[in-house]
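Work through the following exercises with the model open beside you, and try each task before reading its solution.

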Amino acid sequence: MADKQYDFLMDLLHTPSPSSMEMEIQKKWIHYVKEFADEIRTDHVGNAIAVLNPAAPFKVLLAGHCDEIGLMIQRIDERGFLFFEKMGGVNPKAAVGMRVTVLGYQETFTGVVGVNAQHLGGIKGDFDVQDLYIDCGFQSKGEALRKVQVGDLCVFKTEPEILQDRYISARGLDNRTGAFMVAEVIRRLSEKGLSIGVYGASTVNEETNMGGAYFAAAGIEPDFAIAMDVTFATDHPNVNTKKQVEVELEGGPVLAKGAPIHRKINQWLKKAAKEKDIPLQYELTPKATSTDADKMRYTGKGVPVALVSLPLRYMHSPVETVSKKDMEMEIELLVTMLENITGKENLNPLYDEKWIM
């Protein structure tokens, strides 16, 4: 990864982008991709889309969501403590004792998620976010209301870390890595001659309702679409591998298998992996993928979809962790697969069957 691409990824990771508040990160994404995209599109929900070869009749959509999980201010008590609700799949146990960045309507400031000292009883048993609160140093509700109001958002306050020059640890790698990889696929494909139109979307709202993916696919009407997201790595302590398909960092991109996934697209991905000697891993999505792929699939007349995921440790925690090597392999996989698509492919799974003739 060259310095410019690395700096872009770090810029994304430093930018708060809780679901429904992605506009700052989208502006940065657009600023980066406009140098090599043939066309930039946006829509009414805030998706940012970089297009290559827009006149081509055969269209492929890549989607990586840029939003992250967060906290939403629910109420402010008389002493100025902030209580909150989850914005996406927040683990309340991971929030205890964390610093947060409060994205107030008047200004941005720091708070801490308070917890009762163990000497005073601590926090016991199962609990949810309603049992926690944020201390920002306010002394009254009136003081707090001058800076923050109900409905304002917060994110965990952490800095990206590089572990042994091998892994990246940060909040929101789910899925700003996907938005980054979509941009990088578009950049590399811009240097090649394409027979198809490629639409790279940094989508919004995946962590809460996946509405961004729906708008993107409905507007573009692609011939097929690929979601680029993250999936659970199992190569760390305390994981029950009897219930999870084994996935490891540096084991390569992860292809989904299941009812929503189009087998022909997976075949093309496997062919590209073989061509570039890229190892593949697999996850099972029997009924649904719980990613943007699900919403894209149900737009228009129906869109064939696949899901390519980045192995990730500690999902939805402040210290999510991925491998730089896996990111590079996934980018190379998508670039190779898409440059080999001619636009004459038939996605009908029965098309090659002799009995249909």
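The exercises below concern a predicted model, and they go from sheets to helix packing and then to single strands and residues.

**Exercise 1. Determine the strand order of the open sheet of three strands, and say which strands stand at its edges.**

Solution. Begin with the order, which is S10-S11-S17, with antiparallel pairing. Next look for strands with a single partner: these are S10 (161-163) and S17 (320-323), so one side of each is left without a neighbour in the sheet. Neighbouring strands of this sheet are turned against each other by 25° on average, when direction is ignored. Then take the pair formed by S11 (residues 167-170) and S17, which run antiparallel and are joined by four bridges; within this pair, isoleucine 168 is found opposite valine 322 of S17. Finally, add the helix that packs on the sheet: H5 (residues 173-189) touches S11 and S17, and its direction makes about 35° with that of S17.

**Exercise 2. Classify the packing of helix H2 against H5 from its angle, and describe the residues that make the contact.**

Solution. The axes of H2 (residues 23-33) and H5 are 10 Å apart, and the two helices pack at an angle of about 15°. Since angles under 35 degrees count as roughly parallel, H2 is roughly parallel to H5. The crossing of these two helices is right-handed. On the H2 side the contact is made by Ile25, Trp29, Tyr32 and Val33, and on the H5 side by Arg176, Ala179, Val182, Ala183, Glu184 and Arg187. Sorted by class, the residues of this contact are seven nonpolar and three charged, with no polar ones. The spacing along each helix can be read with a general rule in mind: an α-helix has 3.6 residues a turn, so residues three or four places apart point the same way.

**Exercise 3. Repeat the analysis for H5 and H9, and state which term describes their relative orientation.**

Solution. H5 and H9 (residues 324-339) have axes 9 Å apart and pack at an angle of about 45°, and the two helices are therefore oblique to each other. Their crossing is right-handed. From H5, the residues in the contact are Thr177, Phe180, Met181, Glu184, Val185, Arg188 and Leu189, which meet Met327, Glu328, Glu330, Ile331, Glu332, Leu334, Val335, Leu338 and Glu339 of H9. By class, this contact has nine nonpolar, one polar and six charged residues. H9 also lies across a set of strands, namely S3, S12, S13 (224-232), S14 (254-257) and S16 (305-312), and runs at about 160° to S16.

**Exercise 4. Describe the open sheet of eight strands, including its edges, and name what covers the buried residues of H6.**

Solution. The strands follow the order S1-S2-S12-S3-S13-S16-S14-S15, and their pairing is mixed. S1 (39-42) and S15 (281-284) each have a single partner strand and stand at the edges, so one side of each is left without a neighbour in the sheet. Neighbouring strands here are turned by 25° against each other on average, direction ignored. Within the sheet, S2 and S12 run antiparallel and are joined by five bridges, and alanine 50 stands opposite glycine 200 in S12. Turning to H6 (residues 211-220), its buried residues are Gly211, Gly212, Ala213, Ala216, Ala217 and Ile220; their cover includes S2 (48-52), S3 (59-65), S12 (197-203) and H8 (292-297). After H6 comes glutamate 221, whose phi is positive, near 55°.

**Exercise 5. Establish how the side chains of S9 are arranged, which strands pair with S9, and whether threonine 101 is buried or exposed.**

Solution. In S9 (residues 153-156), Leu153 and Val155 point one way while Cys154 and Phe156 point the other way, and all are buried. S4 (residues 70-76) pairs with S9 in the antiparallel sense over two bridges, with cysteine 154 as the bridge partner of leucine 71. S6 and S9 also run antiparallel, joined by four bridges, and in S9 phenylalanine 156 is the bridge partner of valine 100. Threonine 101 lies in S6 (residues 99-103). Its relative accessible area is 14%, and because buried means under 20%, threonine 101 is buried. Leaving aside residues up to four places away in sequence, threonine 101 touches Thr108, Phe109, Leu153, Cys154, Val155 and Lys157.

Methods: Residues are numbered from 1 along each chain as its sequence is written. This is a predicted model: local features need pLDDT of at least 70, side-chain atom pairs count only at pLDDT 80 or more; totals for chains, interfaces and linings use all residues. Side-chain values use heavy atoms; hydrogens and water are left out. Two strands pair if DSSP finds at least two bridges between them. Axes are lines fitted to C-alpha atoms, for helices over the stretch in contact, and angles run from 0 to 180 degrees between N-to-C directions. Contact means heavy atoms within 4.5 Å. Angles under 35 degrees count as roughly parallel, over 145 as roughly antiparallel, 65 to 115 as roughly perpendicular and the rest as oblique. A crossing is left-handed if the near helix is turned anticlockwise from the far one by less than a right angle, and right-handed if clockwise. Ala, Val, Leu, Ile, Met, Phe, Trp, Tyr, Cys and Pro count as nonpolar, Asp, Glu, Lys and Arg as charged, and the others, Gly among them, as polar. Buried means under 20% relative accessible area, exposed over 50%, partly exposed in between (1.4 Å probe, protein chains only).
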